[in-house]
Amino acid sequence: QICRRIYYPPYNRITKQLSFTMSTTEAQDPIKSETTPANDASVVKSRKDRPTGSTHFGDADWDEERPDEIGDATWGEVAKACCVHDAKEWGKIFVGACGALFFLYFFLFALELLGNSAKVLGGCRAGGLLSDETNPVAGLVIGELATALIQSSSTTTSIIVSLVGAEAISVNTGIYLVMGANIGTSVTNTIVSMGQMADGAQLERAFAGATVHDIFNLLSVAILFPLEVISHYLYHLTNAMLPDSVGDGEKWEGPIKKIVSPFAGRVLKANKDVIKDIATGKVDSCDAYYPALCLDGIEDYKHCASKCDKDAGEEVGVDCGRVGLITCDKASGECPGFFQNGASLHDDYISGGVCLVLSLFLLFVCLMALVNVLQRGLAGMSTRIIYKATNVNGLIAMAIGTGITILVQSSSITTSVLTPFVGIGVIQLEQMFPLTLGANIGTTITGLLAAMVSDNVDALQVALCHLFFNLSGIVIWYPIPIMRRVPLRGARALGRATRRSRLVPPIYIIVVFFVIP
């Protein structure tokens, strides 16, 4: 517990007047009078009962306070609330922190498993969508739909970069596909917001915090897409920045991925090569990968997933195995629990569907547990303290969002982890917005890294277009207050819609991310 329970004596008119002359800390945390009998004291449960009108976390009227009504605290008060505790309180904080980290880890595990399941179920279709040279509008909606199907804009962007590098599609088509991928990436945190459906107020805030990402991306596309079609400004801007050649770099994996991915890979590991091969036209359909085949019936990476050297005349089934949408882990050499020798495409679809259900169940369980642990830890904390600790400069918030996304290599993970904090009121919507913008910038790093590995100048150009598309959207919608209010008001309107019906979030996801594309 960060703050103690607060008691205060009845105030008459004189003591009420005197109470306003107290110091800020005393006024915010009035204590029980030594001269007042204990049975006359009452527990403060509302800001209306406090002399200063300060709201504390867990109050009955917590949801009634607007951001502009929250008073300003000093950094000294923040430091005292966070760091000044007795041994018993520090013990509770330690236990709470361990519990939060435990549930956070399995929350990230569930997100990783959800992504793998989506790639197994939607990989063949996504690869087919990305394979054709299309008109700008079709490219935009294909990018959105493909990203929504495989739950990862990083994967979609990497495939698009690879397609451009292999000259399977043009740079201009790649730009439109990347714009669509930017929209589709926000489906994951919108799904996560539904985990707070049990509390109407939390759902309203969480859904608003999730959809501010959607609205920003949609508004940016609404302005920059026609501008690019008419002027090709992104193409010309990035073309002027290109070097003569790109060195062959190494693939980089973030530390969070290294911690979470191996565990998720023991359950289900998606074969991204299938999506890429279908998109580049190496194979016509997923049927070319089935049935799965392991040499001598031994299920490990060497006997199942190692690739044949065609130049040396090696053949599938004799010198190497064959895997479909589910593959084995090269690092550990083991195959996941849902991999089976001789599996058909239908078998892998069933495995992907089972893991999808399991991942959603685990996601919502861990989300509810994480929210409960955070609420218990913050119980009694003044909103002034919370708001002061989280109300950082917008540029700093963007830098934080960018840094976190580079570490986890997924904007979906960044925004999905932050969404529950918006739901419980720890992070205001005004702070979630720049964090989301930072996540948008951070996710472009994945494409840039993929371009470095591809050793192709055109691939680098598409990755740079992704970066400058997000930067252009930020320049339009963030610096000017009147423009910044547009996505914020739109997100709040969607959040309020959940008060009328809790079916709004699932209907919104189905319509925006699947029906319209």
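Here is a short tour of one helix, a few salt bridges and a charged patch in this predicted model.

**Stop 1: helix H3.** Select residues 75–83, which make up helix H3. Which residues here are buried? They are Glu77, Val78 and Ala81. They span an arc of only 100° around the axis, so they sit on the same side of H3. Now spin the view to the other side of H3, where you'll find Trp75 and Cys83 exposed.

**Stop 2: salt bridges.** There are four salt bridges to hunt for, and we'll visit some of them. Pick arginine 499 and glutamate 204: their side chains meet at 2.6 Å, N to O. This pair ties together distant parts of the chain, with arginine 499 in helix H20 (residues 481–500) and glutamate 204 in helix H9 (residues 200–231), 295 residues apart.

Stay with H20 and select arginine 492, which forms a salt bridge with glutamate 430 (2.2 Å, N to O). Glutamate 430 belongs to helix H18 (residues 429–454), and the two partners are 62 residues apart. Glutamate 430 is partly exposed, because its relative accessibility is 31%; arginine 492, at 30%, is partly exposed as well.

Next, show aspartate 273 and lysine 307, whose closest N and O atoms are 3.2 Å apart in another salt bridge. Aspartate 273 is in helix H12, while lysine 307 is in the loop between helix H13 (301–304) and helix H14 (345–378). Buried or exposed: which is lysine 307? At 66% relative accessibility, lysine 307 counts as exposed.

**Stop 3: a charged patch.** Finally, select Lys272, Lys276, Lys282 and Lys310, which gather in a surface patch of positive charge. Lysine 276 is part of helix H12 (residues 272–280), and its 31% relative accessibility makes it partly exposed.

Terms used: Residues numbered from 1 in each chain as written. Predicted model: local features only at pLDDT ≥ 70, side-chain atom pairs only at ≥ 80, totals over all residues. Heavy atoms only, no water. Patch = residues over 30% accessible without salt bridge, like charges linked within 9 Å, V, L, I, M, F, W, Y side chains within 5 Å. Areas by Shrake-Rupley, 256 points an atom, 1.4 Å probe, with all protein chains shown as cover. Lys, Arg positive; Asp, Glu negative; His and termini not counted. Charge placed at Lys NZ, Arg CZ, Asp CG, Glu CD. Helix = DSSP H or I, 4+ residues; strand = E, 2+ residues; numbered from the N terminus. Buried < 20%, exposed > 50% of the residue type's maximum accessible area, 1.4 Å probe, protein only. Arc of directions from axis to C-beta.
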